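Work through the exercises below with the sequence and the model side by side. Try each task before you read its solution.

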Amino acid sequence: MPEITINMAAGRTDEQKTNMMRDISKALVTHLGVDPEAVVIQINEAPLAHKMKGGKTFVERLAEQNK
């Protein structure tokens, strides 16, 4: 049973996340030959203030992009 965990910053819509999980599931079925019922996908989302890259939180990075 393939189990995929995706860690990402919060902010995407439920529709975007559902579509992403469907695409990943289809890829596993196609490339690994597993039954769709065997595929488990979980998304772990972190608030933007709880994620950092390059010494700046994602909140800070977003603020800089919106200047």
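**Exercise 1. Salt bridges**

Task: How many salt bridges does the structure hold, and which residues are linked in a network?

Solution. Start with the count: the structure holds three salt bridges. Here a salt bridge is a side-chain nitrogen of Lys or Arg within 4 Å of a carboxyl oxygen of Asp or Glu. The model is predicted, so local features need pLDDT of at least 70, side-chain atom pairs count only at pLDDT 80 or more, and totals for chains, interfaces and linings use all residues. Residues are numbered from 1 along each chain as its sequence is written, and side-chain values use heavy atoms, with hydrogens and water left out.

Step 1. Take Lys-17 and Asp-14. Their side chains meet in a salt bridge of 3.5 Å, N to O. Both sit in helix 1 (residues 14-32), three residues apart, which means about one helical turn between them. Helices are DSSP runs of H or I with at least four residues, strands are runs of E with at least two, and both are numbered from the N terminus.

Step 2. Take Lys-17 and Glu-45. Their closest N and O atoms are 3.0 Å apart. This pair links distant parts of the chain, 28 residues apart: Lys-17 is in helix 1 and Glu-45 is in strand 2 (residues 40-46).

Step 3. Combine the two pairs. Asp-14, Lys-17 and Glu-45 are linked in a network of salt bridges.

Step 4. Add Glu-64 and Lys-56. They form a salt bridge too, with the closest N and O atoms 3.0 Å apart.

**Exercise 2. Accessibility of the charged partners**

Task: Lys-17: buried or exposed? Asp-14: buried or exposed?

Solution. Fix the cut-offs before classing any residue. Buried means under 20% relative accessible area, exposed means over 50%, and partly exposed lies in between (1.4 Å probe, protein chains only).

Step 1. Lys-17 has 12% relative accessibility, so this residue counts as buried.

Step 2. Asp-14 has 59%, so this residue counts as exposed.

Step 3. Glu-45 has 37% and counts as partly exposed.

Step 4. Turn to the other bridge. Glu-64, at 40%, is partly exposed. Lys-56, at 33%, is partly exposed as well.

**Exercise 3. Thr-57 and Met-52**

Task: Which residues does Thr-57 touch, not counting residues up to four places away in sequence?

Solution. A contact means heavy atoms within 4.5 Å.

Step 1. Place Thr-57: it is in strand 4 (residues 56-57).

Step 2. Check its accessibility. With a relative accessible area of 16%, Thr-57 is buried.

Step 3. List its contacts beyond four places in sequence. They are Leu-48, Ala-49, Lys-51 and Met-52.

Step 4. Look back from Met-52, in strand 3 (residues 52-53). By the same kind of list, Met-52 touches Thr-57 and Phe-58, with residues up to four places away left out. Met-52 counts as exposed, at 54% relative accessibility.

**Exercise 4. Distances along the chain and in space**

Task: How many Å separate the C-alpha atoms of Met-52 and Glu-37?

Solution. Compare sequence and space for three pairs.

Step 1. Met-52 and Glu-37 are 15 residues apart in sequence and 35 Å apart, C-alpha to C-alpha.

Step 2. Gln-65 and Lys-51 are 14 residues apart in sequence and 16 Å apart in space. Gln-65 lies in helix 2 (residues 58-65) and counts as exposed, at 63% relative accessibility.

Step 3. Glu-64 also has its place in helix 2. Its C-alpha atom and that of Asp-14 are separated by 26 Å, with the two positions 50 residues apart along the chain.

**Exercise 5. The whole chain**

Task: What is the order of the elements from the N terminus on? What radius of gyration does the protein have?

Solution. Step 1. Count the elements: two helices and four strands. Their order is β-α-β-β-β-α.

Step 2. Get the radius of gyration, taken over C-alpha atoms. The protein has 15 Å, but a compact globule of 67 residues would have a value near 11 Å. The globule rule is 2.2 Å times the number of residues to the power 0.38.

Step 3. Add the box. Along the principal axes, the C-alpha atoms fill roughly 45 × 20 × 15 Å.

Step 4. Finish with burial: 15% of the 67 residues count as buried.
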